[in-house]
Structure formats: C-alpha cells, structure tokens
There are 2 protein chains.
Amino acid sequence: MRLFLLGATGNIGVQTLDIVRNSNDKFHVVSIAANKNINLVKEIIKEFHPKFVSVGLLEAKNELEELYPSVEFGYGDEGLIKAATYGDLGEDLVVNAIVGSAGLAPTYYAIKKGRNIALANKETLVIGGELINPLLKEHNVTLIPIDSEHSAIMQCMNGEDKTTVKSIVITASGGSFRDKTREELKKVTVKDALNHPNWDMGAKITIDSATMMNKGLEVIEAHYLFNVAYSNIKTVLHKESIIHSLVEYNDTAMIAHLGNPDMRVPISYAINYPERVEYKGKPLDLISLGSLHFEELSFVRFPMLQYAYDAGIKGGLMPTVLNAANEAAVQLFLNGKITFLQIEEIVIKCLNIFDNELELSLDSVLERDNLVKDYVFKTYS
Amino acid sequence: MRLFLLGATGNIGVQTLDIVRNSNDKFHVVSIAANKNINLVKEIIKEFHPKFVSVGLLEAKNELEELYPSVEFGYGDEGLIKAATYGDLGEDLVVNAIVGSAGLAPTYYAIKKGRNIALANKETLVIGGELINPLLKEHNVTLIPIDSEHSAIMQCMNGEDKTTVKSIVITASGGSFRDKTREELKKVTVKDALNHPNWDMGAKITIDSATMMNKGLEVIEAHYLFNVAYSNIKTVLHKESIIHSLVEYNDTAMIAHLGNPDMRVPISYAINYPERVEYKGKPLDLISLGSLHFEELSFVRFPMLQYAYDAGIKGGLMPTVLNAANEAAVQLFLNGKITFLQIEEIVIKCLNIFDNELELSLDSVLERDNLVKDYVFKTYS
C-alpha cells in the first residue's frame, strides 16, 4: 500500500508513521506534506524515503532541495495538492492529517484522481461535505474516518443495514474546562486550555475540545459521513473517554466502541481498512476502570455546540463561516490576542453577519473561508 | 416464516408470542410445546391456531383433544420432538425456549430435519455442543442465540473477521444475592432467591443467576457458539445489566451491545435474523442512567463459575454432569428439600464422583443426564 501523508509532522501524522514503522513494510510512504517542523521532515525523509515532500514555505523547500537532491519538493497550497495527487495511480491511500480548512483542496483533488482517503482532517467534510460526497460516488472512492468518534461509529455499523440506524451518539470528554463554570472561563489562560484531561492532541483540537467546537465539528462531519439527520445525532458528556461513540438501532439495541484513548487504534483501523490488523496497545480493563459516567452536554454551558448544529442544519456556506471564524479566533487566542470566551463571541458574530449560499463549489467555499478569516484577523488583531 | 415454539408458556415463550403478535402476520405458529400450564395452552390455541400441540402429560393431551378436534396433540419427550420436527420443510424456525436438558433432543432432531434454530435453551449447547456443532455444518442449519449475552456477542461480531476476535467478555448482573457474603447465604430462602434485581425470568434461571451457575453455563454456551477458547472468555460483574456483553479485537478495540434489560430485544433479533426489525421498546437513556459499574466476578464468592469453567475445559460428559447435578439440585431447593448453599455442594460432589467420557452421542449424553439426576434425587430427597 502506498501512502500519501499530509500533515506528517503533526500529532496524527507522527502516530501514523509509528503504525507504518510497525507494519512490516506493508506501507510505503510515497509523499509527505508538512508545514514548519523542518527538523522532523528531515528525519522522516531519512527513515521513510518519500519521493515527494511538500513544506509550508519556499525557503524551507529551497534548503531541503540542496540537502536531498534525489527527492522532489514543493511548498504551500500547491505543494500540498501535489503531495496528495503525486505520481501514477496504484494501491494508494491519502492520509489527510492536515489541521483546518487547508485540508479540503488536497482531499478534493485526491478523490478526483481516484485515491482512497483516510481522513483525520474533519474540516474536509465540515465545510466541503456537500461537494465531497457526490465526488466519492462519482470516482468510486472510499473515505475512512480517523477521528476516534467517527471510527467508532463506523465500526458500530459494521455488517448492519444502515436503514435500521435510529440515531448516533457522539461522546465528549468535556475538554480542559469540563468542570469550570462560564464565570470561571473568563479568567482561563492558553496554558490552562492546552491541558486536555484524556487525549494528547495538537493545540487547535485541544482548544476546540475546551470550547466544545470540536464536538460541533464532529456532529457536522458525522452528518456527512453517515448520512444521518441532525435530529438523530446526539452528544453525551462522558468524562472517561472510554466509549468512543454509540449507534442506536430501530430495536433499541445500542452498539458501542470502547477502548483506552489512543489515536493509533483508529489510525491503524483506517489505514488497514477493510482489514483489522493487530495493534499491541494497552488493553481496556473494565474492572480496574470501575465505572463509566454520562451527563448531559449542555448547550447553555457549551453554546458552540448549538452554533454548530445550527450552522450544519442551515448547510451551504454556513459550516464554512462557522469553521473559518473558529479557526481564526483560536489562532488569535493561541497568540494571546483575545480571551477564551471571545472565541465564542467571534464565531456567533460571523454567523450573524455573513450570508448563506446553498450552491457550493470548491472555489466558493475557499473564498468564503478566506473572507471570514480576513475579517476576524483584521477586526481583532 | 413458520414457527415451531417449544416452551410456549414459559417466560421466553410468552414474550416470543408477543413479538409474533406485533409482527403483522410475518410469523405463523405451526406447533407449540408446553408442560403443565394448560390454561395458557388453550389461550395460545385460540389466538395462534397451531396445527400441533404437545404438553407434558397424557391426561392433559386427552383433555385438549376433546376440546380441539381439529388440532393434533402429543405429549412428553416424544411430543416435544414431534413439535420440533412437525410437518414438511418450509421457511421454518424452531424457537427452543425449553428449560433444562430436555431441550437438547428436540434441537438435535430439528437440525437433522434441516430447520433453523433460535435458541433460548442454553443446555442444548452446554451439554450437547460437541454433537450440535458438527450437525449444524452437516445440515447447513443456522442457530441464533436468544440469551441476551450471546445475542449481544453475536451482534458485536457482525461484519467482523472472526479471526481478529481476541476475547469475549460476558457481563453478569450478580443475581439476587450479589451483595450478600457467603456467610449470609447460609440463611437465604427460596423467596429471596427468586427476587432478581434486573431481569424478570423463570424460576430456574433466577436461581442459576443467584448461584452464578447461569453465567457458568453461558461461558460454556459461548465457547460452542463462537468457537472461542475458555481462556479467552472472561466475565465481569456489571450490576446495571445495561452492557449485555463485549467483544475485544486484536487492535484493543472493544465492541459492546447495550440496552435496557428486555428479552424481547434478543428474541426479536433471533427470530427476524438476518433482518433487524423495529421493536418499540424503551430506548436506553445513558444520561438518566448516569453511570455503569464493573467489578471482578470472584471465583471465591461464586465457586459455581469456577466449576463451570473446569467442566467446560474437561469437555466430554463433564458439562452434562455439571448441568444435571445443578438442575436436580435447583429443583430440590425450589421444593424446599435443601438449602441454597447445598446446590453448590451437590454440583461439586457430582463432578467429583462421575467419570468423564470424551466420545459423545445423543444417547450417552441423555443417559448420563438421567443418571446424575437420579443420583441427586435419591441422595437428597
């Protein structure tokens, strides 16, 4: 299997390479794309010998070209798309572990080329679901989710007639500030926000977990992945992060996927699909765990979740507005420009001031994404 | 679909008829077998119009024959087998909801006739698994479990490659005496024992839940149903009875089946298999439930579970000895002849005094079953 790994130096990318490393040469890394972590790019080149490497900036590309004359290099958005579509067509899998809306275009062009996708970039479906789903059919391409919740839902539907699915229940750990009141949220710092109780993830998704936007994006992603109406997508606060999600059937039976929080499990599932391959992770021990808890995930405490449902139900460009406003706001928060609660303020403001458009194209989505981010950066920087 | 319902007046039989009643004429009840509840047999005849009816005793058969001249009747073991094999072969399903070893022969002959089986009679596989499994292959017959745990395990394996199953975990409510010490068990009454915390079941299985023999029988049943080694069949005390069982895969993922305790769910699944058909039961609400608990199921507190593993691992006639000793002892307990803890004493005594035999036939199993029961009744009555 030939892998085209986008976001190779990020949290998911690094864990994907770890699975590749332990898979007895089953996978060959043909291309990688990364952004600014050039030291790690060099290590990956030495270990995995990709033919094509894309990085964020031209200067980095130039530096790497001198060091590795036998490797082909690219940079920026164009390099990213080239990493996804590089070379001829074989037994291929594009692993898209890019963070943010930048992940949409490479998925789009990889599908057009006929390459199967393992998707950690939830924005691909959140902002582009209405474009991507018809494209998958047209090119007979399989897209397997890497997000632990969506991997769980997919596995809970294995061998089942999809018309018997009544609802899906996405679990949420509650994020770094699960036990804080909204009053207490006024004073939280970036450092506090980056301290997730269960999962070790990148900065963007950790902040999104704290605001609950991550769960909101997952609701929209699930809608497009599993073709389930928003009214049948539920969320539940499950602080242990052991049940990764559940599917309810028409006879009241629920099937759940459980495991210790370890992203290598859904990564392994996605890149080996349809095979389930041995992974020597920590087995789940229910007895030493003792108990699992479930609470309501309140829209009052977590208004971002409500915004996401609303934007998803409206469809068209509204999920793009939601996501772009959030991406820009989270970046401003991480850079110390705004407070934690201002992330919400920015998102609801953008949802109120930007119009919707129901007919989408890749260009119209990316244009709106830029427009909203520009607005946020200009207004709040 | 034509149903041949054995144990029609018992707990599972009555609930099966309730599913049939609400299935818009999808099922036609061709035959029923019952024991002594003749009033209920009459009601079933009036509502479902079976062609053949078997009851426990000759006198009851004679009485019914006069009342319903258009119905054919039988009685005893022969009548039971006739109820399972009655008529020509069509789109048939034998629902075996008999309690105890009496359920083996009708399953055996129904399979020989080529009829698919929905099995609530766990003794069929516990004492006859080594005979039944080759017979299923030979006659290309499907056997679907009705036990909630085994239905759960089967559903957790839907669409999965069976070679990737690492272990199965059977949950146990703990039964009526879950929170009692062994010292406290010395004084318990039949009435105490029949008061199960979660499930409304027949007397035999409720006592077996209290002694944990029910879980032991389920371990042996699971071994034959799913071809999993005893070392990979685990049990866990889960007092809420919400997770009905789990399957662990080779990548550490666990798939679980959840639902409110309601036997109509696995009955509906078994008789509609491979379809999953709508059942308007009470939906599971994780949030109002709040939490799920897991504890070790101790072999010291519940020695019957250990006896069952040991008998299962020995194989041959030892599961028959285990089951027969237990059936007889439970009957003596229900009749007030022995104390609760004497059930265990009788089982371990029989396991120690009866020899094993590894080559089995239907006759040798039934003969041993009789021998052990006779011994127990003679010794303790």
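**Exercise 1. A charge over a ring**

Over the ring of which residue does the charged end of B:Arg276 sit, and how far is it from the ring's centre?

*Solution.* Keep in mind that this is a predicted model. Step one: start at B:Arg276 and look for the ring beneath its charged end, which belongs to A:Tyr249. Step two: read off the distance to the centre of that ring, which is 4.4 Å. Step three: try a second case in chain A, where A:Arg115 lies over the face of A:Phe4, 3.7 Å from the ring centre.

**Exercise 2. Looking for disulfides**

Find how many disulfides there are over all chains.

*Solution.* Step one: recall the cut-off, since a disulfide needs two cysteine sulfur atoms within 2.5 Å. Step two: take A:Cys156, whose nearest cysteine sulfur is that of B:Cys156, 8.4 Å away. A:Cys156 is therefore in no disulfide, as 8.4 Å is not within 2.5 Å. Step three: go the other way, and B:Cys156 likewise has the sulfur of A:Cys156 as its nearest, at 8.4 Å, and is in no disulfide. Step four: the count over all chains comes to 0. As for their surroundings, A:Cys156 is buried at 2% relative accessibility, and B:Cys156 is buried at 2% too.

**Exercise 3. Walking across a sheet**

Describe the open sheet of chain B: its strand order, its edges and the helices that lie across its strands.

*Solution.* Step one: trace the 7 strands, which follow the order β4-β3-β2-β1-β5-β6-β7 with parallel pairing. Step two: find the edges, β4 (72–75) and β7 (143–145) of chain B, each of which pairs on one side only. Step three: consider the twist; ignoring direction, neighbouring strands are turned by 20° against each other on average.

Step four: zoom in on one pairing. β3 (residues 52–55) of chain B runs parallel to β4(B), and 4 bridges join the two. B:Val55 has B:Tyr75 in β4(B) as its bridge partner.

Step five: add the helices. Helix α4 (residues 76–85) of chain B lies across β1, β2, β3, β4 and β5 of chain B, at about 150° to β3(B). Helix α5 (residues 104–113) of chain B lies across β1, β5 and β6 of chain B, at about 155° to β6(B).

**Exercise 4. Naming aromatic pairs**

Classify the pairs B:Tyr108 with B:Tyr109 and B:Phe299 with B:Tyr309.

*Solution.* Step one: note what to look at, namely the distance of the centres and the angle of the planes. Over all chains there are 16 aromatic pairs.

Step two: the rings of B:Tyr108 and B:Tyr109 are 5.3 Å apart centre to centre, with 85° between the planes. Planes over 60 degrees apart count as edge-to-face, so this pair is edge-to-face. B:Tyr108 is buried at 14% relative accessible area, whereas B:Tyr109 is partly exposed at 36%.

Step three: the centres of B:Phe299 and B:Tyr309 are 5.6 Å apart and the planes stand at 50°, so this pair is tilted. B:Phe299 lies in the loop between β12 and α14 of chain B and B:Tyr309 in helix α14, so the pair ties together parts 10 residues apart in sequence. B:Phe299 is partly exposed at 34%, while B:Tyr309 is buried at 9%.

**Exercise 5. A serine in a loop**

Is A:Ser241 buried or exposed?

*Solution.* Step one: locate A:Ser241 in the loop between β9 (233–237) and β10 (243–249) of chain A. Step two: check its relative accessibility of 6%, which is under 20%, so A:Ser241 is buried. Step three: look at its contacts beyond four places in sequence, among them A:Ser173, A:Trp199 and A:Pro261.

Methods. Residues numbered from 1 in each chain as written. Chains lettered and ligands numbered in written order. Predicted model: local features only at pLDDT ≥ 70, side-chain atom pairs only at ≥ 80, totals over all residues. Heavy atoms only, no water. Buried < 20%, exposed > 50% of the residue type's maximum accessible area, 1.4 Å probe, protein only. Pairing = 2+ DSSP bridges. Axes fitted to C-alpha atoms, helices over the stretch in contact; angles between N-to-C directions. Contact = heavy atoms within 4.5 Å. Phe/Tyr/Trp six-rings, centres within 6.5 Å; stacked < 30°, edge-to-face > 60°. Lys NZ or Arg CZ within 6 Å of the ring centre and 35° of its normal.
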